[in-house]
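Got the viewer open and the cartoon drawn? Let's take a walk through this one, selecting as we go.

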Amino acid sequence: MKNLRLKQLLSQEDNAAPVSNDNAAEQRLNNVVDNFQTEFIKSNPDLKDRLSFLQPTNEYGIKKFIGTFLTPTLLPYSEFFDLNSAAEFIARFVTYEPLSYDESLGQVVVSPSQTLESAAGDCFDISFLLASLLLGAGYDAFVVFGKAPKWIRLKDQSHQQLILTQQGNDSVAICIKDECFTYKQSSSEDSDTHCWVLVKAGVTKDVEEDIFIEVSTGATYSVVDKSPYSQVDSVCNDKSCLINVGGDNAMAFDFDNTKRWVSVLPETYTLPTSSWTKAISLPKDKFLLRYPPDGKRVILLEKAKVELFGDNVDPQGVVSRVTQYEDTARTVALESIEIFSPTHRTDSMIKRRQKPLDNMHHEYFSVQQEHFITERMEVAGKMSSLKFLPKSRIDGLIERVEQVEENGTSSIITEHFHNRSDNLVRREINVSILQDDAKPKESERFPSSGGGVRVIQKVNENFTKSTDDTKSVSCRSFLVNEGSVREIYHAEHEVLQTTTDFSLKDVGKGDSYEKELSQMMSASLSSVKKIQSEMLTIRKSRYDHEMKIVESIESNE
């Protein structure tokens, strides 16, 4: 693939390049490098292989000093201001191609601008691109040449476990845990040439210790603890290039230690500005695509799959989907989490969790929709719940949960309220599910969209304590089928709660408290039914919206 891209590049007239190193500064640089190599081989004949990287061929077929490939650049997107987000973006934007080991350095090292433009490259190409961007952002970054185990070189993530970290309703942090260190790091027989990035501590506040960045995945590793790399031969950036002559594989980057590190360039020598590399740029449309060429990436892990989508690529507005499986073959899905772009969803859904084996789905919303829902959860045939933005509803409802009993003949609905003038904070409704031919009183009938006749049996209302001196009701229970009411009062001065029962069967036309309770029951039942009708409308609206999306996808296929 790389050779084909290079042939296409050279066949384009507008990519004409200088045919030789005829720049005076580059000629002096090449003389310095040639003299160093001659003296180094005399002093360290066993380490001459560590010089093979010094003057690789660039995409134009011209040998260049490795330091001139680096082009420090700060791109105008916030992702490139931070080390971790920059590493993650590049690892996912650029398609990784393992090296071909019958050709040293993969035959050609490509300039950072060309790597970003083609969105593909091997470990050398991507390392120079990422190091250039980190240098541009102010990090003390180096390209590292050395050896790494096969699973790193081939970007084999099949033994890596997924860890999800909740970061809010609209995002999930995707972390990857390397469980393969214990049995793969110690193995050196499968180590071979690889390239990655080193960022030294001390220059920026967010880097407290020297770290490695694996450019194929964007993963970071502590240099002194659990690094997967087996050998470091040399490092370079836009100012220096150093060869490791320490004789051991210790990951120590004390560059002032001349017994371990030898500089290719004299101390007083300043590396000239590259005359052949193009400026690194990333147009906004490509930045938004994120995963060229089709805006999609798939990462396969142990019992997990991560799918990533660019801006407006997925017809449902998905930007990431993480699926966890029961088996290593990834055939039985346990749970999936989807993150949506709210600007591409008319229903303002920002996240969805689904557990297929449990028939569960859980939706999260921004508040920019007519019902002011923040969350909606449903387990088919067992439970459903809705959460609302506080203060968004006149009745003060902030959460409603319906739990169906195991026998399927009854359900319990719990409603939570906030900031009501009557101090109501919680209401529990007991509902029975009768046969279709049942004929309950209209006042007891509960709205339903499913089979069977639903009847309200009991309503419990809980109140906070009143601030005045009157007798304050803690709980009021409407026993609908019995036509009675029970009131439990808040305790006064550590006295036990008191309870009073009232019968509403013989309520007259007077001004008795029983008549007032009867009116309260009617108002409560009316409120319960009204909310239930709203919930049915919301459920139907959600179903209709999803069906429209499915139909739209099918019509465009």
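Start by selecting Ser234 and Ile243: Ser234 stands opposite Ile243, which belongs to strand S10. This is a predicted model, so keep that in mind at each stop. Now widen the selection to residues 241-244, and you have the whole of S10, joined to S9 by 3 bridges in an antiparallel arrangement. Follow the chain between the two strands and you'll trace a hairpin with 4 residues linking S9 to S10.

S9 has another neighbour, so select residues 140-148 next. That's strand S3, and S3 pairs with S9 in the antiparallel sense over 5 bridges. For a landmark in this pairing, pick Val144, whose bridge partner in S9 is Val235.

Before leaving, colour residues 231-236 by accessibility. How many of the residues of strand S9 are buried? The count is 6 of the 6, so S9 is largely enclosed by the rest of the structure.

**Next: Trp196**

Select residues 192-200 to bring up strand S6, where Trp196 lies. Is Trp196 buried or exposed? Its relative accessibility is 0%, and because buried means under 20%, Trp196 counts as buried. Add Ile213 and draw a C-alpha to C-alpha distance: the pair is 17 residues apart in sequence and 6.2 Å apart in space.

**Next: a cavity**

Searching the whole structure for cavities of 30 Å³ or more turns up 1. The largest cavity holds about 50 Å³ of space. To see what surrounds that space, select Trp151, Ile152, Lys155, Asp156, Gln157, Gln160, Glu214, Ser216, Thr217 and Tyr221, which line the largest cavity. Colour the lining by class and you'll get 3 nonpolar, 4 polar and 3 charged residues.

**Next: a loop residue**

Jump to Thr68, in the loop between helix H2 (24-43) and helix H3 (83-93). Loop or not, Thr68 has a relative accessibility of 6% and therefore counts as buried. Which residues does Thr68 touch, leaving aside those up to four places away in sequence? Show Leu29, Leu271, Ser274, Trp276 and Thr277 as sticks and you have them.

**Next: S21 and its two partners**

Select residues 410-417 for strand S21. Here 6 of the 8 residues are buried, so S21 is largely enclosed by the rest of the structure.

On one pairing, add residues 397-404, which form strand S20; 7 bridges join S20 to S21, and they run antiparallel. Click on Gln403 and then on Ile412, its bridge partner in S21. The hairpin of S20 and S21 has 5 residues between the strands, and Gly408 in that hairpin takes a positive phi near 75°.

For the other pairing, add residues 424-434, strand S22. S21 and S22 run antiparallel too, joined by 7 bridges. The pair to click is Thr414 and Glu428, with Glu428 as the bridge partner in S22. In the hairpin of S21 and S22 there are 6 residues between the strands, and Asn419 takes a positive phi near 60°.

**Last stop: zoom out**

Select the whole protein chain and colour by secondary structure: you'll find 9 helices and 27 strands. Of the 557 residues in the chain, 47% are buried. Switch on the surface and you're looking at about 28300 Å² of exposed area, with carbon and sulfur atoms supplying 48% of it. As for contacts with a separation of 6 or more, residues 24 or more positions apart account for 50% of them.

Key
Residues numbered from 1 in each chain as written. Predicted model: local features only at pLDDT ≥ 70, side-chain atom pairs only at ≥ 80, totals over all residues. Heavy atoms only, no water. Buried < 20%, exposed > 50% of the residue type's maximum accessible area, 1.4 Å probe, protein only. Pairing = 2+ DSSP bridges. 1 Å grid on protein atoms, 1.4 Å probe; cavity = no way out; pocket = protein on both sides within 12 Å on 5 of 7 lines; lining within 4 Å. Points joined across faces, edges and corners; volume = space filled by probe spheres on them. Nonpolar A, V, L, I, M, F, W, Y, C, P; charged D, E, K, R; others polar. Contact = heavy atoms within 4.5 Å. Areas by Shrake-Rupley, 256 points an atom, 1.4 Å probe, with all protein chains shown as cover.
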